[in-house]
Amino acid sequence: MSVCITTYYGLNKKRNTNRIMLLVLIATIPGLIAQYYLCGWGNLIQIFISISVALIAEAIILYLRHYPILNTLQDNSAILTAVLLGVSIPALSPWWVITISTLFAIIIAKQLYGGLGNNPFNPAMAAYIMLLISFPVQMTTWCSLYGMKNIQPSLSRTLEIIIHPKTQTNLIQTKTKSIDIDSITQATPLDHFKTSLHEGLTANQILARPIYNSMLIRTPSWQCINASFLLGGIFLLITRTIRWHIPLAFLTSLTICSSIGWFLSSDHLLPPAVHLFSGSTMLGAFFIATDPVTSATTNHGRLIYAALIGFLTWLIRSYGGYPDGLAFAVLLANMCVPIIDYYTKPRVYGHYSKRIL
């Protein structure tokens, strides 16, 4: 597997799997800092829970399969999957949400197929979709990133909210008053836009509303998070941990599709800037779509694969039932990888095949 990943990234120096995974983990730090600054301790606690569950679950499966436990766990793939899940779910989600998703990612989406290198689908995105379908309320209740700096719950209060979601009073004490948890949770900009469209409003009317204006202009928190993951993605490109083909093709495809859609139907579709810096766009472009195991293996194939993800993401966001279609787009593209590789693999030099007419 180390050789496979090294070949994928095309590095001059041979890097083993655990070093590559470690560099990707380092690249998530700017995004984690942005999430902590804007939404408090929530996502860091989710990541801690997810890493603990991932390591325990993978160790048990490896033991049952009679595989070396310590050597396999040191590849950091389970930790990376846990981190991607931890940053993808709402910060104040109950503990059992991240636990169930991590178990699904490690046991079902990864180990059931034979472990790292054999899984056809991105484990983190497979688990995320399972959560989105099974627990839509918990997965769409994000803490409000707009003006949260003054009312962020403390570490102990955040732990209480996550571990005892039903038994606690759901109140955050501030200097002047007590605030209900429900009052600081709301939909993401993409979710709010889709809901408002169903209410009969046009895109221009939605963008002009004070709440949406606050989300995107006065307090551009989602833009900051996406910009932070973009910064981490640039680090991955500079260190040659990933190649440029997938991020560039994905972002270009999403930009072109959203620009055409905005030009043809500005009353019902979002402009390109909102698509690029809302939801999980940059996280998907640099950290999810670039998964070497589940993405295409040739340069031309990676361009097709990533362009397909960009198109499907825009299509689901614009016309589908879910506000952010990245996870669905990635899994659908994962299904297409075998045929993409088949038609883009280079012809062996000197090979001759005679077609029978």
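Tryptophan 95 is partly exposed in the predicted model, its relative accessible area being 41%. The residue is placed in helix α7, which covers residues 95-108. Because patch residues must have over 30% relative accessible area, the value of 41% for tryptophan 95 satisfies this part of the criterion. Trp95 is indeed one of the residues that make up a nonpolar surface patch of about 710 Å². The other contributors to this patch are Tyr36, Tyr37, Trp41, Leu44, Leu155, Leu159 and Ile163.

The nonpolar patch draws on several parts of the chain. At least two of its residues are supplied by α3 (29-39), and at least two by α10 (155-163). Helix α10 provides the largest share, with three residues.

Backbone geometry was examined next. Histidine 66, although not a glycine, has a positive phi of about 60°. This histidine is found in the loop that connects α4 (42-64) with α5 (69-73). The side of the accessibility scale on which histidine 66 falls is clear: with a relative accessible area of 73%, the residue is exposed, since the cut-off for this class is over 50%.

A positive phi of about 60° is likewise found at arginine 240, which is not a glycine either. Arginine 240 lies in the loop between α14 (221-238) and α15 (245-264). Its relative accessibility is 38%. Arginine 240 therefore counts as partly exposed, because this class lies between the limits of 20% and 50%. Thus, histidine 66 is exposed, whereas arginine 240 is partly exposed.

Conventions:
Residues are numbered from 1 along each chain as its sequence is written. This is a predicted model: local features need pLDDT of at least 70, side-chain atom pairs count only at pLDDT 80 or more; totals for chains, interfaces and linings use all residues. Side-chain values use heavy atoms; hydrogens and water are left out. Patches are made of residues with over 30% relative accessible area and no salt bridge: like charges are joined within 9 Å, nonpolar side chains (Val, Leu, Ile, Met, Phe, Trp, Tyr) within 5 Å. Accessible areas come from the Shrake-Rupley method with a 1.4 Å probe; for residues, only the protein chains shown count as cover. A salt bridge is a side-chain nitrogen of Lys or Arg within 4 Å of a carboxyl oxygen of Asp or Glu. Helices (H or I, at least four residues) and strands (E, at least two) are DSSP runs, numbered from the N terminus. Buried means under 20% relative accessible area, exposed over 50%, partly exposed in between (1.4 Å probe, protein chains only).
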